[in-house]
Amino acid sequence: MKIKREPMKRISKNSNFIAGAVLTGLILLFIIIGCIHTPYDPEAMDGAGRFAGISWRHPMGCDNFGRDILSRVMTGAGTTLGVAFATVAIGAFFGVIWGAFAGYYGGLLDEIFMRAADAMLAFPSILLALMIIGLFGPGKYNVILALGIAFVPSFARIVRSEFIRCKNMDYVRSARLMGAGNLRIMFVHILPNAFPVILSSVLIGFNNAVLAEAGMNYLGIGVMPPDASLGRMLSEAQTYIFSAPGYAIFPGIVLILMILGFSLLGEGVRDN
Amino acid sequence: MEEKEIILKVQDLNIEFHDHLIPETVVYDFNLTLKAGEIVGLVGESGSGKSMSALAVAGLLRRHDMKKTGQILFDGVDLLNCDRKVLRKFQGKEIGMVFQEPMTSLNPVKKIGWQVEESLRIHTQLNKEERYRRVIEALENVELQDPERIVRQYPHELSGGMRQRVMIAAAMICKPRLLIADEPTTALDVTIQAQIVKLLKRLNREEGTAVLFISHDLSLVKRLCSRILVMKSGYVVESGETQQIFYHPGDAYTKKLIEAIPAYEKR
């Protein structure tokens with residue numbers, strides 16, 4: 001049996017976890033500051049300041065409407081993160097329920113649930129999301145709904161395999177013997193045992209959600225202008241990539257750091 | 001001996017697996033009566049069907065890929081064919097069970113206290129303080145030192161013997177009338193085995209709980225049980241009073257089992 005070390009000691013030796021936590025913390029701090037205060041109004045246009053370069057007044061320069069890019073990155077990163085968070089929450093919530101029933105009951109129910117999940121996974125998730133957007137129309141909340149639905153089957157698979165692993169354990173048998181009902185066994189006795197796996201897949205799912213959100217906005221079906229989001233900024237920036245490279249570079253860097261932070265955190269949790 | 005109330009009566013139990021192409025019967029015509037406060041031993045080699053019979057009594061063989069015939073009457077209710085809801089009222093409250101492997105029979109992510117009081121949470125309306133008091137009482141009753149500390153610990157912090165005591169405490173907390181012990185000592189070393197057997201005997205005497213003790217260790221069964229059933233490949237080959245079976249075994253297989261006990265222990 002593996003000897004368990006003190007949790008704090010384990011974490012302090014886990015360089016992935018620390019790097020991820022620091023990076024994520026910095027990004028979160030950046031976003032939180034953006035919610036309270038931005039140097040300029042992110043939507044205020046200034047004709048004279050079009051494509052202003054990097055300066056003390058505009059650390060990241062200005063875009064084609066003369067809007068301050070730093071201010072827009074600050075609010076845009078918040079939007080992106082919020083959409084990603086809501087997406088993963090929807091995907092994980094329904095995925096856990098779906099996978100729990102499939103894994104616990106097995107048999108025909110499992111077969112039906114998992115084949116349905118396979119059918120959904122067979123479509124690329126962006127395509128699936130595009131279909132849903134096509135049905136409900138574009139907008140931030142529809143993007144959340146569409147990506148959330150697209151994320152459900154992958155969570156369902158992970159949770160199902162954990163439930164299959166746990167359901168024949170002796171402690172589940174003894175819980176049943178104590179008179180616990182199926183729902184109680186599933187969500188009170190087994191689910192906590194699946195938490196480590198769910199947590200690391202939530203963090204990985206976060207990355208995919210950030211990327212997918214950026215992708216959807218890049219296609220122009222997410223956040224509506226003039227609201228900022230990292231993906232939308234990138235798509236707007238590509239027209240001016242040579243006249244104002246900073247417009248594409250800074251949102252890109254923030255996006256990369258955000259994803260890197262969550263990836264490292266996910267790795268760290270899995271190693272722990 | 002005074003006549004005691006019969007609490008468990010198993011009649012003509014047959015268990016047949018249907019999960020392969022050819023059906024396989026693992027228990028044939030199993031009969032058992034258990035009186036209140038009695039300790040009955042169920043012995044036999046691995047694969048003789050003793051655990052299957054016990055699981056059936058506990059209502060844990062509720063899968064659809066097996067065929068079960070016969071009756072398991074507990075208090076006059078047929079546990080084999082009753083509704084799941086009815087069965088659940090008995091499980092934990094009237095019937096408790098301890099498994100062979102104390103390492104895996106406790107949930108690794110829950111504290112000991114939480115696991116011991118689970119039956120109380122399901123079957124009674126007691127509030128938190130009352131449950132806590134009962135848990136401490138139950139842990140003291142299975143002779144665990146420092147129960148206030150143990151309730152806050154996780155299973156991996158306890159030794160095998162301590163975990164088995166915790167399991168017994170969890171199974172006994174609702175004061176069931178029947179405790180099924182499925183090889184509770186097999187995974188433990190000899191000195192701890194003796195302690196657990198002593199503990200079961202004491203609980204049986206003090207609480208009046210009937211015990212169905214499953215083991216392949218005849219010398220343990222001899223020390224603990226008043227009656228014995230010997231099983232081999234699905235059949236009960238012999239049953240009767242412990243003394244009679246030990247000194248006048250009727251079946252060739254029973255004789256072999258008794259011969260297999262080291263000479264020192266036989267005295």
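In the predicted model, strand S9 of chain B, spanning residues 227-232, pairs with S10(B) in the antiparallel sense through six bridges. Two of the residue pairs in this ladder can be named: B:Arg227 has B:Glu241 of S10(B) as its bridge partner, and B:Val230 is bridged to B:Glu238 of S10(B). The two strands form a hairpin with two residues between them, in which B:Ser233 adopts a positive phi near 35°.

This hairpin belongs to an open sheet of six strands in chain B, whose order is S6-S7-S8-S3-S9-S10 and whose pairing is mixed. The edges of the sheet are held by strand S6 (95-98) and strand S10 (235-241) of chain B; each has a single partner strand, so one side of each remains without a neighbour in the sheet. With direction ignored, neighbouring strands of the six-stranded sheet are turned against each other by 15° on average.

An open sheet of four strands is also found in chain B, with the order S2-S1-S4-S5 and antiparallel pairing. Here the edge positions are taken by strand S2 (24-35) and strand S5 (77-78) of chain B, each of which has a single partner strand, so that one side of each lacks a neighbour in the sheet.

The pairings within the four-stranded sheet may be followed strand by strand. Strand S1 of chain B (residues 6-17) is joined to S2(B) by eight bridges, and the two run antiparallel; within this pairing, B:Val10 has B:Leu32 of S2(B) as its bridge partner. S1(B) also pairs with S4(B), in the antiparallel sense and over eight bridges. In that ladder, B:Glu16 is matched with B:Lys67 of S4(B). S4(B) is in turn joined to S5(B) by two bridges, again with the strands running antiparallel, and B:Phe74 stands opposite B:Val77 of S5(B). S4(B) and S5(B) form a hairpin with two residues between them, and B:Asp75 in the turn has a positive phi of about 60°. A helix accompanies this sheet: helix H1 of chain B (residues 50-58) lies across S1, S2 and strand S4 (66-74) of chain B, and runs at about 120° to S1(B).

The secondary structure of chain A consists of ten helices and zero strands. Along the principal axes, the C-alpha atoms of this chain fill a box of roughly 75 × 50 × 30 Å. Of the 272 residues in chain A, 50% are buried. Among contacts in chain A with a separation of 6 or more, 70% are accounted for by residues 24 or more positions apart.

The accessible surface of chain A amounts to about 13,100 Å², and 70% of this area belongs to carbon and sulfur atoms. The chain carries 21 positive and 16 negative side chains, with the centres of the two sets lying 11 Å apart.

At the residue level, A:Ala116 is located in helix H4 of chain A, which comprises residues 107-122. The relative accessibility of A:Ala116 is 33%, so this residue counts as partly exposed, a class that lies between the limits of 20% for buried and 50% for exposed residues. A:Ala116 and A:Pro153 are separated by 37 residues in sequence, while their C-alpha atoms are 8.4 Å apart in space.

Note on methods. Residues are numbered from 1 along each chain as its sequence is written. Chains are lettered from A and ligands numbered from 1 in the order in which they are written. This is a predicted model: local features need pLDDT of at least 70, side-chain atom pairs count only at pLDDT 80 or more; totals for chains, interfaces and linings use all residues. Side-chain values use heavy atoms; hydrogens and water are left out. Buried means under 20% relative accessible area, exposed over 50%, partly exposed in between (1.4 Å probe, protein chains only). Contact means heavy atoms within 4.5 Å. Accessible areas come from the Shrake-Rupley method with a 1.4 Å probe; for residues, only the protein chains shown count as cover. Lys and Arg count as positive and Asp and Glu as negative; His and the chain ends are not counted. The place of a charge is taken as NZ of Lys, CZ of Arg, CG of Asp or CD of Glu. Two strands pair if DSSP finds at least two bridges between them. Axes are lines fitted to C-alpha atoms, for helices over the stretch in contact, and angles run from 0 to 180 degrees between N-to-C directions.
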